[in-house]
Amino acid sequence: MKGMSEREYAAHSGLSRGGVQKARKNGRLVIYDDGSINAAASDVRRAEMTDPDQQRRSLGGDGLTSGAGETSSYIKARTLLTVYAAQDKQIAVQKKKGTLVDRARAETLVFRLAREERDVWVTWPGRVAATMAAQVMAEVERQSGASVTIETALMQRVLETHVREQLDALADLRVSLG
């Protein structure tokens with residue numbers, strides 16, 4: 001036998017026997033014709049083919065720092081991807097529960113509601129002017145005994161003026177959803 005057995009190489013490299021078998025299967029070991037392992041060549045090939053962070057984690061290290069910048073940035077990118085995926089799932093759950101709504105849709109609905117409310121107020125003086133004029137005439141006549149005439153058109157103009165002032169004041173309000 002020219003080289004080491006799997007057990008001998010496992011002791012030499014610090015891998016488990018299963019790890020040695022997996023490395024052999026994946027082509028990370030150099031094997032002699034007799035099936036034994038060329039330790040020196042296998043150490044070099046494993047160093048070239050194995051991610052240093054994976055080696056550190058398998059040996060109990062945290063794998064968060066590396067001599068090579070690429071593996072460190074890979075781990076950071078992988079972590080960010082995992083965090084993003086978790087946040088995306090959390091948003092999906094919130095949407096399903098109804099605790100999260102689409103911002104553009106909410107702004108559209110608020111705008112539509114405000115527009116409908118404004119339209120109701122703009123048309124209100126025309127609907128109530130005649131009734132209010134009659135009520136004011138009746139109240140003045142009851143209190144003073146004199147007959148008074150209040151034109152519906154005049155009452156409507158006064159109401160429209162005050163409603164427009166109020167709507168202009170409300171127009172300065174802005175809804176901020178974010």
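## Nonpolar cores

In this predicted model, the largest nonpolar core has seven residues. They are Tyr9, Ala10, Val20, Ala23, Leu29, Ile37 and Ala39. Helix 1 and helix 2 each supply at least two residues of this core. Apart from it lies another core, of six residues. Val128, Ala133, Ile150 and Leu159 are among them.

Leu29 belongs to the seven-residue core. Setting aside neighbours within four places in sequence, Leu29 is in contact with Tyr9, Val20, Ala23 and Ile37, which are core members too. Its contacts also include Arg24, Ser42, Arg45 and Arg46.

## Overall make-up

The protein has seven helices and zero strands. From the N terminus on, the order of elements reads α-α-α-α-α-α-α. The protein has 178 residues, and buried residues make up 17% of them.

Contacts can also be sorted by distance along the chain. Among those with a separation of 6 or more, 37% join residues 24 or more positions apart.

## Helix 1 against helix 2

Helix 1 spans residues 6–13 and helix 2 spans 17–25. Their axes come within 9 Å and cross at roughly 105 degrees. Helix 1 is therefore roughly perpendicular to helix 2. From helix 1, the contact takes in Glu6, Arg7, Tyr9, Ala10 and Ser13. From helix 2, it takes in Arg17, Val20, Gln21 and Arg24. By class, these residues divide into three nonpolar, two polar and four charged.

Tyr9, Ala10 and Val20 take part in this contact and also sit in the seven-residue core. Arg24 of helix 2 meets helix 1 and is in contact with Leu29.

## The loop at Ser16

Ser16 lies in the loop between helix 1 and helix 2. Its relative accessibility is 48%, so Ser16 counts as partly exposed. Glu6 is 10 residues away along the chain, and the C-alpha atoms of the two are separated by 9.3 Å. Glu6 itself is one of the helix 1 residues that meet helix 2.

## Helix 1 against helix 3

Helix 3 covers residues 39–49. The axes of helix 1 and helix 3 come within 11 Å and cross at roughly 55 degrees. That angle makes helix 1 oblique to helix 3. The crossing is right-handed.

Helix 1 brings Tyr9, His12 and Ser13 to this contact. Helix 3 brings Ala39, Ser42, Asp43 and Arg46. The classes are two nonpolar, three polar and two charged residues. Tyr9 and Ala39 are core residues as well. Ser42 and Arg46 are also in contact with Leu29. Tyr9 and Ser13 appear in the contact with helix 3 and in the contact with helix 2.

## Helix 6 against helix 7

Helix 6 runs over residues 103–144 and helix 7 over 152–171. Their axes come within 8 Å and cross at roughly 145 degrees. The crossing is right-handed.

Helix 6 contributes Arg118, Trp121, Val122, Trp124, Pro125, Gly126, Val128, Ala129, Ala130, Met132, Ala133 and Val136. Helix 7 answers with Thr152, Met155, Gln156, Leu159, Glu160, Val163, Arg164 and Leu167. By class, the contact divides into 14 nonpolar, three polar and three charged residues. Val128, Ala133 and Leu159 take part here and belong to the six-residue core.

Key
Residues numbered from 1 in each chain as written. Predicted model: local features only at pLDDT ≥ 70, side-chain atom pairs only at ≥ 80, totals over all residues. Heavy atoms only, no water. Helix = DSSP H or I, 4+ residues; strand = E, 2+ residues; numbered from the N terminus. Buried < 20%, exposed > 50% of the residue type's maximum accessible area, 1.4 Å probe, protein only. Axes fitted to C-alpha atoms, helices over the stretch in contact; angles between N-to-C directions. Parallel < 35°, antiparallel > 145°, perpendicular 65-115°, else oblique. Left-handed = near helix turned anticlockwise from the far one by under 90°. Contact = heavy atoms within 4.5 Å. Nonpolar A, V, L, I, M, F, W, Y, C, P; charged D, E, K, R; others polar. Core = buried A, V, L, I, M, F, W, Y, C linked by side-chain atoms within 4.5 Å.
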